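Trainee: Could you walk me through reading this one, step by step?

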Protein chains: 2
Amino acid sequence: MQPTAHLSKDYDADLLALRASVLEAGGIVEYQIRYALEALRTGDRALVARVIADEERVNAFERQIDEACTNLIARRAPAANDLRFIMMIYKTITDLERIGDEAKKTALAAREVRLNERRTPGFPEIRMIAGLAIDMLRRSLDAIARLEPDAAPEVARMDRELDGHFQSIVRQLLTYMIEDPRTISPALDLVFVAKSIERIGDHAKNISEYVVYMIKGRDVRHLPLEVMETVVRA
Amino acid sequence: MQPTAHLSKDYDADLLALRASVLEAGGIVEYQIRYALEALRTGDRALVARVIADEERVNAFERQIDEACTNLIARRAPAANDLRFIMMIYKTITDLERIGDEAKKTALAAREVRLNERRTPGFPEIRMIAGLAIDMLRRSLDAIARLEPDAAPEVARMDRELDGHFQSIVRQLLTYMIEDPRTISPALDLVFVAKSIERIGDHAKNISEYVVYMIKGRDVRHLPLEVMETVVRA
């Protein structure tokens, strides 16, 4: 499903440009997460600086996309289909900006701790959930690129899985803290990193749900997975 | 400043109803925070259940307000002023719903730990930052009620203060954990509660910034406090 084709080529171009912008911002935040994790592993300060600099770019996208959405609505008085598309983009950029914030917090943690793949308990698990969160984000962005709602149930399932891993990472880190008080400070840093990744998963899930709303006109937030699947298949 | 008065009484009534709904949702989340803190102090299960039940009410407000915003835009093709008002409400309800989520997480922590005002290190400080976050939220909601942008710089200052307190609470809890490993598990619960309150402050700040955008047409997010003050006074 695509937004309605219009007599005005400019209008179509504006809608396509809006989608291209939000996907570009999505690409930047995906790499912010990747670089933040890499910075945690290697302690590379240049990567930390890159993630921080990219946050400014994402903020700029947020301002520009918000303004473009409001202007398009004011100038074009969009019909139902296009209006839902614009509102979906308007919400998505907010979640992308918040993902960028969480990636930045993760990168900043790399200035405090250098994590060792083999010696830091919990770090392999954190890389695993980060991989899961990136996968969720990619599926949600792909849903926007294709304007298909089908990713949402799978992303919701992955979010449950991520939440479960998050809980077990925290329990595991807690055990290390109790067994060896020297690990308390770095383990607490890892708890915050895990928390950021868990939040990123929530935002990716939100985005996939906005796409369902756009295509199906049904708000599936806070609904059981089974209901979401029925809506998506309908 | 008020939204433009219209020839249609229905339209005015719709805009007023939208504002009343978002303020009502705001009142619910304010009490979710208060009850969650009280549940932490007293271990009162009925309060925990109340906060969880209220989350459903806030979710329902979010669905209803999102739909009302989209419908109003589709039916009325609002002019600049009203459109900015509707977009402000559309963003605000998302932040309110996320505040409700954080309050729920805080209430759920009360099922794990019962905090003692005098014996739990860090708890008085957590009550203090919760008071600050509630104050920020009230100022932001009041800005919507009055449609005045002047709260934003003060709320931004309070957010800085809250972030500083949050950092020092985490450092303090870290010290207790290291000195007495028996405190590790409850202290980690408190770290998460402090983190939720810090997030609530961020959301309150967002709301006060949306009001500036609505009234002044200037997006002051991510800008220095001095710039925000100049915009608000202009």
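Mentor: Start with the radius of gyration, taken over C-alpha atoms; the globule rule is 2.2 Å times the number of residues to the power 0.38. With 234 residues, a compact globule would come out near 17 Å, and chain A has 19 Å, which agrees. The C-alpha trace of chain A spans about 65 × 40 × 20 Å along its principal axes. Bear in mind that this is a predicted model, where local features need pLDDT of at least 70, side-chain atom pairs count only at pLDDT 80 or more, and totals for chains, interfaces and linings use all residues. Residues are numbered from 1 along each chain as its sequence is written, chains are lettered from A and ligands numbered from 1 in the order in which they are written, and side-chain values use heavy atoms, with hydrogens and water left out.

Trainee: What does the secondary structure of chain A come to?

Mentor: Helices (H or I, at least four residues) and strands (E, at least two) are DSSP runs, numbered from the N terminus. Chain A has seven helices and zero strands.

Trainee: How is chain A superposed on chain B?

Mentor: Two copies of a chain are related by a rotation about an axis and a shift along it. Here, a rotation of 180° with 0.0 Å of shift along its axis puts chain A on chain B, with an RMSD of 0.0 Å (least squares on the C-alpha atoms of residues with pLDDT of at least 70 in both). The two copies are thus related as by a two-fold rotation axis. In chain A, the C-alpha nearest that axis belongs to A:Ala77, 2.8 Å from it.

Trainee: How many residues does the contact take from each chain?

Mentor: Contact means heavy atoms within 4.5 Å. The contact takes 39 residues from chain A and 39 residues from chain B. Of the interface residues of chain A, 100% are also interface residues in chain B, so the copies meet through the same surface.

Trainee: And how many salt bridges are there between chain A and chain B?

Mentor: A salt bridge is a side-chain nitrogen of Lys or Arg within 4 Å of a carboxyl oxygen of Asp or Glu. The count between chain A and chain B is eight. One of them joins B:Asp95 and A:Arg98, whose closest N and O atoms are 3.5 Å apart.

Trainee: Which helices of chain A each supply at least two residues of the side that touches chain B?

Mentor: Those are H2 (45-76), H3 (80-112), H5 (151-179) and H6 (184-216). The largest share, eleven residues, comes from H6(A).
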